[in-house]
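Work through the exercises below with the sequence and the predicted model in view. Each task is followed by its solution.

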Amino acid sequence: MNRPDDSLYDALVRRGMSRRAFLRFSALMAATLALPATYSPQIAAALESAPRLPLIWLRGQACGGNTEALLAATVPTTAELLLGLLSLEYHESLMTSSGNAAVLARTAAMERYRDGYVAVVEGAIPTADDGMACTVGGRAFRDVVQEVCDGAIAIIAVGSCAFDGGAPGANGGPTKAVGVGQVAGDARLFNLPGCPVNVENLTATIVNYLTFNEFPVTDSKRRPLFAYGGLLHNQCERRGHFEFGEFALAWGDEGAQKGWCLYKLGCKGPETFANCPTALYGGRASWAVKAGHGCIGCTMPSFWDAMGPAYQRLPAPIPFAPNISSDEIGLALVGGVAAATVVHGAATYARELRNRVVGHRRREVVFVEPAITIAEPAIAEPAEPAIAEPAETAIVVAEPVATPAGPVVESAPQPEDLAAPEES
Ligand code: SF4
Ligand code: SF4
């Protein structure tokens, strides 16, 4: 398998990347791949010797937002990414060649790196009218995709349009646009949906291959689990407000200004699988909810049809109660939990009360019994001989009585001690 001659690290250093920045980049990749920080040195070591990965980037029916995302990459910068990590052999928007020269550059790269390059596809693929709604070099884009993907070690579909047709394929669409999987098959396919793709996830997918010699594990829709395996809602910094029932109810209201949960303004975070809150956008500066806008679920299948309207909650997915909204289900659940909590609290209080009463009685018994037991001999014993015996023998009898009476008298309860239990 042919590869560009220089290693990835050499190319990055030549572009001016410092050793410290390189190690920081390796650590960030470990974090993006949801790997422990201990993997960072392994990633750095692998990238130091890994050859750059040849890449052929195709653009079909799309707005170009994914190319924009690539150009906005900051960690590493676009220049570092394109000229260091990757060997970008073909990209119609970024290469200087055009027309036949560009097509020749693509076929030459496919020959040179046969079975060694990665095909990246941006945009949907129209299928109506024999695919004539989008052509490249006079050929249907669909045919170009098939040809390029045939010789690739992996196919990466970037953005929601390449994932499943996206906006051009919404509600059927006049061009009958589809995703890459429906043209090139699922084998070797890795879907990175998003509108646009998070370039951190694209970089991490490639780094995963360069480090471990395999592409990341995916879900059933061929989306890497490290990026699409977790519910966005569970990673959101506003989740605490959701739990406490603190919601923004209108754009710009007090709740919105305080950074409360955007669920009631249509945020689809609870229905969306993506790592936006942790991977972030714009050089890891922010993401939609942090910037004050709800998630619209752009990483989900058929999101234009299935996740809209953008500013309303989704209807409840309960077939036998189609008119119940997610809000109402949430309220019912919260109400149910609240009711259960009240019942549990009342039962606990009743049990506590009963234990307290029983315990009080027990304490009374324990306390009173010895007091009476001690008091009886203390009062009765010394008194009897003193009254019953004649006066002349009183001194003789009194001495042996005084000896056992000593300790009894010392520990005998005072009048107030005897009174206390009776009061309680
Ligand atoms: S803002 Fe959205 S993602 Fe964040 S907690 Fe609220 S509903 Fe969930
Ligand atoms: S926050 Fe939601 S809408 Fe925004 S990029 Fe992530 S998944 Fe897409």
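**Exercise 1: the sheet**

Task: Describe how strands β3 and β7 pair, and place them in the sheet.

Solution: Start with the pair itself. Strand β3, residues 117–122, and strand β7, residues 152–158, are joined in the parallel sense by six bridges. Within this pairing, tyrosine 117 has alanine 152 of β7 as its bridge partner. Next, pack a helix on the pair: α7 (residues 141–150) lies on the sheet and touches β3, β7 and β1 (53–59). The direction of α7 makes about 155° with that of β3. Now widen the view. The sheet is open and has five strands with parallel pairing, ordered β2-β1-β3-β7-β9. Its edges are β2 (86–91) and β9 (189–192); each has a single partner strand, so one side of each is left without a neighbour in the sheet. From one strand to the next, the twist averages 25°.

**Exercise 2: the ligand shells**

Task: Which residues surround ligand 1, and how does its shell divide into nonpolar, polar and charged residues? Do the same for ligand 2.

Solution: List the shell of ligand 1: Leu232, His233, Cys236, Arg238, Arg239, Cys261, Leu262, Tyr263, Cys267, Gly269, Pro270 and Val289. Sorting these residues gives eight nonpolar, two polar and two charged. The space that ligand 1 takes is the largest cavity.

For ligand 2, the surrounding residues are Leu232, Thr272, Cys276, Tyr281, Trp287, Ala288, Cys295, Ile296, Gly297, Cys298 and Thr299. Here the division is eight nonpolar, three polar and no charged. Finally, compare the lists: Leu232 appears in both shells.

Definitions and conventions:
Residues numbered from 1 in each chain as written. Chains lettered and ligands numbered in written order. Predicted model: local features only at pLDDT ≥ 70, side-chain atom pairs only at ≥ 80, totals over all residues. Heavy atoms only, no water. Pairing = 2+ DSSP bridges. Helix = DSSP H or I, 4+ residues; strand = E, 2+ residues; numbered from the N terminus. Axes fitted to C-alpha atoms, helices over the stretch in contact; angles between N-to-C directions. Contact = heavy atoms within 4.5 Å. Near = heavy atom within 4 Å. Nonpolar A, V, L, I, M, F, W, Y, C, P; charged D, E, K, R; others polar. 1 Å grid on protein atoms, 1.4 Å probe; cavity = no way out; pocket = protein on both sides within 12 Å on 5 of 7 lines; lining within 4 Å. Sits in = over half its atoms within 2 Å of the grid points.
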